[in-house]
Amino acid sequence: MQAKKRYLTLFSAGACFILLFCFGGIQLPLSRRGPSRRDDRSLTGYHPGERWRRFPGSLQPYSPWEEDRGDSHNEHISPRQKRDANSGVDSGKRCRMDSCFDFSLCERNGFKVYVYPQQKGEKMSESYQNILSSIEGSMYYTPDPGQACLFILSLDTLDRDQLSPQYVHNLKVKIQSLHLWNGGKNHIIFNLYSGTWPDYTEDLGFDIGLAMLAKASISTENFRPNFDVSIPLFSKEHPRTGGERGYLKHNTIPPYRKYMLVFKGKRYLTGIGSDTRNALYHVHNSDDVVLLTTCKHGKDWQKHKDARCDKDNADYDKYDYREMLYNSTFCLVPRGRRLGSFRFLEALQAACVPVMLSNGWELPFSEIIDWNTAAVIGDERLLLQIPSTVRSIHQDKILSLRHQTQFLWEAYFNSVEKIVLTTLEIIQDRVMLHTSRSNLMWNSLPGGLFTLPQYSTYLGDFPFYYAKLGVKPYTKFTAIVHVVSPLVSQSQPVMKLLQSVAKSQYCAQVIVLWNCDKPLPAKHRWPVTSIPVIVIEGESKVISSRFLPYDTIPTDAVLSLDEDTVLSTTEVDFAFTVWQSFPDRIVGYPARSHFWDGNKERWGYTSKWTNDYSMVLTGAAIYHKYYHYLYTTYLPASLRNMVDQMSNCEDILMNFLVSSVSKLPPIKVTQKKQYKETMMGQSSRASRWADPDHFAQRQTCMNKFASWFGSMPLVHSQMRLDPVLFKDQVSILRKKYRDIERL
């Protein structure tokens, strides 16, 4: 009998347990979600769960996707509001590259981008015109839709706020009528603003179908990873090309500034985005934490005025925003009406470490950028603990964060063109997955836009990563001699130059680039050397052909030479030895400089021999062959055509390119005392250098190039490397380059 009672008791308990489990009373410790879009992010190196964990004394992060997302989450939203909020994203909400993108269009002609022709009568904002111009000026643009892999609308989709004067009406009908639309497949739509008062949803007002979104202020809820692209919110004053450099000038140690944490902006008294900014006064201390808000905005702000408004407005007017921005260690970036804010880019440029306070915001270019190395990503609900958290960050970490803000600003954000090109490059990496860039390429100098996967996907093929990989460049160089004069005598300077270069212990081969109008000389007329001498005709006989990425260059280093350059074998050896320590720069002999002419308000070019220089001319210089590839593919055809038409300035343009990539000056090696007189004594070059038109052209080039780059990339230097000071023994008996001292 007792046994029966025990069995009945166990049976009853088991039945109750099963019933509780079935009706949700007990949950087993299983994951509440299967593989989702956020699981994809582990592939990109982005970890939202680490928002505060990097810093001592930090708090556990707020993970919005770990909340209960039941009906109670939207209990105050009507079914109609739910439909409106999801319009435009519902039909393609599950889109991914493998389901909503036609890769076959890219297999035929590579990654090419087509921009629809602008329709008559359609208004277009300056910002959207800048986006389209950036695409049309890129290496990916094609005017032929039959060759395109990606399509860009000419209809302005940037501002989808119905109250905005930039709002374009009837977009749905206009887009559906496009014969190439195809449901949005292989299209990308750029958008900065969406939704309107009072909810500011992410509704664009039309169904995007299968198109990708390049959108500012996009939420993690609506973001489709590895399909959409989160872009930064930028103002209409944001420059189209070039862009200003960051404001970190020196490695300030300790890296602390006047303020620890600052913010200055609008306070929203009602509606979405009001909670966080209304609470900032709890943290403000008027000392090192200065968080200022104003109620004075909008037409009817006084209707909603509260007891704090007068004091807030008065404090707000006491501080200059720029002064605060440039003198603070951290800058608060709280959400406004939308998730994104102009404060984000402003903080990056000012080297003020952004403290992100916008829950659910998919940070710009999150697919490629590791924001934990450049920003502090916080939680709006933990506002009161932010000051103690940022104070706990060590000064070494602050300096590292600040340096990364400058790199990211200049690499991807300081112009509309860079924002657009980064967007295109991200999509190209998805399409050409086998040649996609690594996390290191995107997050370290010089950045993904200068590390082209079409050239190579191996880090060791680029001059920027030798130190990181612990490798050294190949121990030989290839000399390229640019010849424009006919070969009439064995005593010509080019013959002596070929013999001197060929005797170098580091020379693998010599390429003679024949850009002369006369026919190629017979093979027996060239000097006999112990290494191969290859003679090739320049493409179209233009001067830029000296920088083509020839397949016949097997080495990392290229020694670029003019036909009348006078160098000894010892000088060649020494220059190459120096270059091996600076493989990402131009190393050579003839130096020039630039300066700002305040009277003419333009850049000037000078050939005066001083202790200061910013260029090393490619008539006698060594650099990495990757710069040939960048010169040919990265620079616009307009600049190369300008150089070719003048047969001038190609050396200046190469210096602009290398300095813009490395952010460093070239390296001048020891100066041969007789070099200037020897060079000017050669008939083929004397008239050229003495010609005032030639010099005037170079002045013009300086300003044309600076205009395209958006700023002056050249960097001044006073360093000159001599053999006695560069890895050489002091004893005269052991010196490697004694011949140089006698010149």
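**Exercise 1. A cysteine in a strand**

Decide whether Cys331 is buried or exposed, then find its disulfide partner.

*Solution.*
- Step 1: Cys331 has a relative accessible area of 3%, so it is buried. Here buried means under 20% relative accessible area, exposed over 50%, and partly exposed in between (1.4 Å probe, protein chains only).
- Before going on, note that this is a predicted model, in which local features need pLDDT of at least 70 and side-chain atom pairs count only at pLDDT 80 or more, while totals for chains, interfaces and linings use all residues. Residues are numbered from 1 along each chain as its sequence is written, and side-chain values use heavy atoms, with hydrogens and water left out.
- Step 2: The partner of Cys331 is Cys352, with an S to S distance of 2.1 Å. That fits the cut-off for a disulfide, a pair of cysteine sulfur atoms within 2.5 Å.
- Step 3: Cys331 sits in strand E10 (residues 328-334), and Cys352 in the loop between helix H10 (343-349) and strand E11 (353-357); the pair links distant parts of the chain, 21 residues apart. Helices (H or I, at least four residues) and strands (E, at least two) are DSSP runs, numbered from the N terminus.
- Step 4: The torsion about the S-S bond is about 105°, so the disulfide of Cys331 and Cys352 is right-handed.
- Step 5: Cys352 has a relative accessible area of 0%, so this residue is buried too.

**Exercise 2. More disulfides**

State how many disulfides a search of the whole structure finds, and work out the handedness of the Cys95 and Cys100 disulfide and of the Cys106 and Cys149 disulfide.

*Solution.*
- Step 1: The search of the whole structure gives five disulfides. Remember that a disulfide is a covalent bond between the sulfur atoms of two cysteines.
- Step 2: When the bonded cysteines of the chain are numbered in sequence order, the pairing reads 1-2, 3-4, 5-6, 7-8, 9-10.
- Step 3: In the disulfide of Cys95 and Cys100, the sulfur atoms are 2.0 Å apart. The torsion about this S-S bond is about -80°, so the disulfide is left-handed. Both of these residues, Cys95 and Cys100, are buried.
- Step 4: Cys106 is joined to Cys149 with an S to S distance of 1.7 Å. Here the torsion about the S-S bond is about 50°, so the disulfide is right-handed.
- Step 5: Cys106 belongs to helix H4 (residues 104-109), and Cys149 to the loop between helix H5 (126-136) and strand E2 (150-152), so the pair ties together parts that are 43 residues apart in sequence.
- Step 6: Cys106 is buried at a relative accessible area of 3%, and Cys149 is buried at 0%.

**Exercise 3. The sheet around E10**

Put the strands of the sheet that contains E10 in order, and find which strands stand at its edges.

*Solution.*
- Step 1: The order is E9-E8-E10-E11-E12, five strands in an open sheet with parallel pairing. Two strands pair if DSSP finds at least two bridges between them.
- Step 2: The edge strands are E9 (289-294) and E12 (376-377); each has a single partner strand, so one side of each is left without a neighbour in the sheet.
- Step 3: Strand E8 (residues 259-266) runs parallel to E10 and is joined to it by three bridges. Leu261 has Phe330, in E10, as its bridge partner.
- Step 4: Helix H8 (residues 309-318) lies across E8 and E9, at about 120° to E9. Contact means heavy atoms within 4.5 Å; axes are lines fitted to C-alpha atoms, for helices over the stretch in contact, and angles run from 0 to 180 degrees between N-to-C directions.

**Exercise 4. A threonine and its surroundings**

Describe the setting of Thr276: which helix holds it, and which residues does it touch?

*Solution.*
- Step 1: Thr276 is part of helix H7 (residues 274-278).
- Step 2: Its relative accessibility is 7%, so Thr276 counts as buried.
- Step 3: Not counting residues up to four places away in sequence, Thr276 touches Pro334, Leu357, Glu380 and Leu383.
- Step 4: With Glu380 there is a polar contact between the side chains, at 2.5 Å. A polar contact is a pair of N or O atoms within 3.5 Å; within protein, one must be able to donate a hydrogen and the other to accept it, and residues adjacent in sequence count only if both atoms are side-chain atoms.
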